[in-house]
Each structure stands twice: as structure tokens, then as C-alpha cells.
Amino acid sequence: MSEKHDRDSEYKELSGAEGQKKIAELVKGIHIAMMTTVAKDGTMSSRPMAVQDKPFDGTIWFLTRSTSEKIDEVEKDQHVTLSFAEPSSSNYLALKGKASVSEDRAKIHELWNPMYKAWFPKGEDDPEISVMRVDVTEADYWEASGGKIVSMMKYAVAAATGKKVEMGEAGHVLV
């Protein structure tokens, strides 16, 4: 859960359409997420994944190789975390959800774009392409107010005065 008791940020608990809208605002324009799964030995395994350029509606889709270890990992334990970061605006988001995998050729066709040729040189008909669907159940987010320069000034004022710095908003979302 987010830093609920951290008084450096305004903390919000969101759900429903309001929560979904907040997630959509924060993930928009971020093209890579770190996907974390539970590895065979019980440790956590993370890797970057290209995010589909689609409005967030509670589900995030990925194309991946069917022989990838993450396929076996989510078949054993569906729980995943998707971490998003936009350092230029100091926005961070961790989405938790359940992943599932399919070979749905229609969905692959829908999600395909030329960028995927880098991973799948045979194109969208490559038999090794799988679709990974993550149904998001909850999220934690941290959003700085004012950008880097304002944040640095807030830190400087707080250091000089000995007062706590108000950095922005944090929250938890139930989808």
C-alpha cells in the first residue's frame, strides 16, 4: 500500500471511475513498464515490457514471446506488478493485477504495430507471439507537484527552515 501515513504528501484513496481516471492520467505517454512476476525459485523477477498505446480501461495488454520464462511464471502464479515511472514529472505508479496468456490471433492483430518487428521479425503471424493480459486490481501512485525545479526549491526551503516538505500527492486505487 502507498505511504498512507507519510505526511510528506497528500494521501488519497480512490476507486471506481475516479481511480481508473487517475491511473489513466498517470500511465498515459509512458511506453515501458517493468513487469514483476514470481520466479520459479520464489524470488521476484522483473523485466521491461512495451506498453500498448491505448487508454487505460482496467486492463493492460502486452505482446510477448510464448517461450519466455514469464509465461511459465504467470501460469504458476498470476499475480504481477507493473511499475511505471516518469522521472521528468516525478510521477510513479505501481499497478497490481492478475495476468493471463493466450494465443488469440485476432487480439495479436489488434495490438500489432511495426515496432514489434524488432522482437518478432516474422511479423504478426509469428507463431511465437503470445498475448499477455493484466487485469489491474489495485494501484499505488506518487505524484510530485510542480516539477523538478519547484521540488528542489521545496527541499531547500525545508532544509533551511527545518520544516517538512509537502511534495505532492500519493494514493491507493482499488480498480
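## Aromatic cluster

Tyr 116 is buried, because its relative accessibility is 2% and the cut-off for buried is under 20%. The model is a predicted one. Tyr 116 belongs to a cluster with Trp 112 and Trp 119, linked by ring pairs. The structure holds two aromatic pairs.

One pair joins Trp 112 and Tyr 116. Their centres are 5.8 Å apart, with 35° between the planes, and the pair is tilted. Both of these residues are buried. The other pair joins Tyr 116 and Trp 119. Here the centres are 6.1 Å apart and the planes meet at 50°, so this pair is tilted as well. Trp 119 has a relative accessible area of 46% and is therefore partly exposed.

## A charge over a ring

Lys 107 places its charged end over the ring of Trp 61. The distance to the ring centre is 4.0 Å. Trp 61 also belongs to a second, separate nonpolar core, described below.

## Overall fold

The chain has four helices and eight strands. Along the sequence they follow the pattern β-α-β-β-β-α-β-β-α-β-α-β. The chain has 175 residues, of which 40% count as buried.

Contacts often span long stretches of sequence. Take the contacts between residues at least 6 apart in sequence: 68% of them join residues at least 24 apart. Glu 13 and Ala 170 give an example of distant positions brought together in space: they are 157 residues apart along the chain, yet their C-alpha atoms are separated by 8.8 Å. Glu 13 lies in strand β1, residues 9-15. Its relative accessibility is 47%, so Glu 13 counts as partly exposed.

## Nonpolar cores

The largest nonpolar core has 26 residues. Ile 23, Phe 62, Leu 82, Phe 84, Leu 93, Leu 95 and Val 134 touch the most other members. Several elements give two or more residues to this core. The helices are α1 (16-27) and α2 (69-76). The strands are β2 (32-38), β4 (59-65), β5 (79-86), β6 (91-102) and β7. Strand β7 gives the most, with five residues.

Val 134 has a long list of contacts, not counting residues up to four places away in sequence. Val 134 touches Met 35, Gly 58, Thr 59, Ile 60 and Phe 62. It also touches Val 80, Leu 82, Gly 97, Lys 98 and Ala 99.

A second core is separate and has 10 residues. Among them are Trp 61, Leu 63, Ile 108 and Trp 112. Trp 112 thus appears in this core and in the aromatic cluster.

## A buried acid without a salt bridge

Asp 126 sits in the loop between α3 (105-111) and β7 (129-144). Asp 126 is buried but has no salt bridge. The nearest side chain of opposite charge is that of Arg 65, 4.3 Å away. A salt bridge needs a nitrogen to oxygen distance within 4 Å.

Neighbours within four places in sequence aside, Asp 126 is in contact with Arg 65, Arg 105 and Phe 120.

## A positive phi in a loop

Ser 90 is found in the loop between β5 and β6. Its phi is near 55°, a positive value in a residue other than glycine. With a relative accessible area of 16%, Ser 90 is buried.

Notes:
Residues are numbered from 1 along each chain as its sequence is written. This is a predicted model: local features need pLDDT of at least 70, side-chain atom pairs count only at pLDDT 80 or more; totals for chains, interfaces and linings use all residues. Side-chain values use heavy atoms; hydrogens and water are left out. Rings of Phe, Tyr and Trp (its six-membered ring) pair if their centres lie within 6.5 Å; planes under 30 degrees apart count as stacked, over 60 as edge-to-face and the rest as tilted. Buried means under 20% relative accessible area, exposed over 50%, partly exposed in between (1.4 Å probe, protein chains only). A charge sits over a ring if NZ of Lys or CZ of Arg is within 6 Å of the ring centre and within 35 degrees of the ring normal. Lys and Arg count as positive and Asp and Glu as negative; His and the chain ends are not counted. Contact means heavy atoms within 4.5 Å. A nonpolar core is a set of buried Ala, Val, Leu, Ile, Met, Phe, Trp, Tyr and Cys residues joined through side-chain atoms within 4.5 Å.
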